[in-house]
Amino acid sequence: MKQNISRLTPEEEKLFGDLMPEELHEVLDSGLKRRHFLKLMSLASAGLLVSHMVGAEQLFARSMEIEEIADLMPAAIENGINVSFKVNSSKKKLLVDSRMTLLDMLRERIGLTGSKKGCDHGQCGACTVIVDGNRVLSCLTLAATCEGKSVITIEGLAKENELNPMQQAFLKHDGFQCGFCTPGQICSAVALMKEAKEGQASFLTKNIRDKPEAVLLSDDEIAERMSGNICRCGAYPNIVAAIKEAQTGKNIDQNWLFAD
């Protein structure tokens, strides 16, 4: 009886079966030889191996879209808690450490890396996302508190190939330079539109006892309400112009500030 000395994994065996079926039995019986390897490389140079691997990768990606997010090893989670919520209209369910922040869950468990970790102390605003219509600092928000809620990140603002009006305005007015703070700036500005429509008060509100009415945002109002989002590049005039244009729908001229 011939001993099977194959060292092929199931994936490798399938690969040889697809690309070199006439050689498969010999490889299984006597092991992988130099000529088998050279033939496999010649197929790769012809693009056959690459196309096979790309197809397998795409199939794997499609299968992951409909599955629950894989849990971490039990030893890596302390005080685990199951969280079910929506992220950009997609339902998610996963097991997280009860101390994990929303920011870490979005970036490390779900793979939405648009929300940036800047100061990680709630001072820069780079991690701002929208939860149930309100802007929050995801680095200070526990993932467990999002049970049953709807989370919108920068990745979820565009609809198919059409950008959100705020994104379009930021592009038009160059409301960014390095772009690190931009996801938080835009998410904060989108939520700001809801706050202004509802007439929510700010530090500049003259009388908070008045009945809330929709607010037409002035430069000072925008600067005050966006003060929690820091831009180290100093693109503030551009950001203000972008937000005003997004709210009014009118063309806003950029006021360039030049040194005397």
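**Close-up views of helix α9 and its packing partners**

**View 1. Helix α9 and the residue after it.** In this predicted model, α9 comprises 13 residues and reaches 18 Å from its first C-alpha to its last, close to the 18 Å expected at 1.5 Å a residue. The helix covers residues 236-248. G249 follows α9 and has a positive phi, near 75°.

**View 2. Buried residues of α9 and their cover.** N238, I239, V240, A241, A242, I243 and E245 are the buried residues of α9. Their cover includes α6, α7 (182-198) and α8 (219-225).

**View 3. Contact of α6 with α9.** The axes of α6 (residues 165-172) and α9 come within 8 Å and cross at roughly 140°. The two helices are therefore oblique to each other, and their crossing is right-handed. From α6, the residues P165, M166, A169, F170 and K172 meet I239, A242, I243, E245 and A246 of α9. By class, the residues of this contact divide into 8 nonpolar, no polar and 2 charged.

**View 4. Contact of α7 with α9.** Here the axes of α7 and α9 lie 11 Å apart, and the helices pack at an angle of about 45°. That angle makes α7 oblique to α9. The crossing of α7 and α9 is right-handed. On the α7 side, Q185, A189, L192, M193 and A196 meet I239, I243, A246 and Q247 in α9. This contact of α7 with α9 has 7 nonpolar, 2 polar and no charged residues.

Notes. Residues are numbered from 1 along each chain as its sequence is written. This is a predicted model: local features need pLDDT of at least 70, side-chain atom pairs count only at pLDDT 80 or more; totals for chains, interfaces and linings use all residues. Side-chain values use heavy atoms; hydrogens and water are left out. Axes are lines fitted to C-alpha atoms, for helices over the stretch in contact, and angles run from 0 to 180 degrees between N-to-C directions. Helices (H or I, at least four residues) and strands (E, at least two) are DSSP runs, numbered from the N terminus. Angles under 35 degrees count as roughly parallel, over 145 as roughly antiparallel, 65 to 115 as roughly perpendicular and the rest as oblique. A crossing is left-handed if the near helix is turned anticlockwise from the far one by less than a right angle, and right-handed if clockwise. Contact means heavy atoms within 4.5 Å. Ala, Val, Leu, Ile, Met, Phe, Trp, Tyr, Cys and Pro count as nonpolar, Asp, Glu, Lys and Arg as charged, and the others, Gly among them, as polar. The expected span of a helix is 1.5 Å times one less than its number of residues. Buried means under 20% relative accessible area, exposed over 50%, partly exposed in between (1.4 Å probe, protein chains only).
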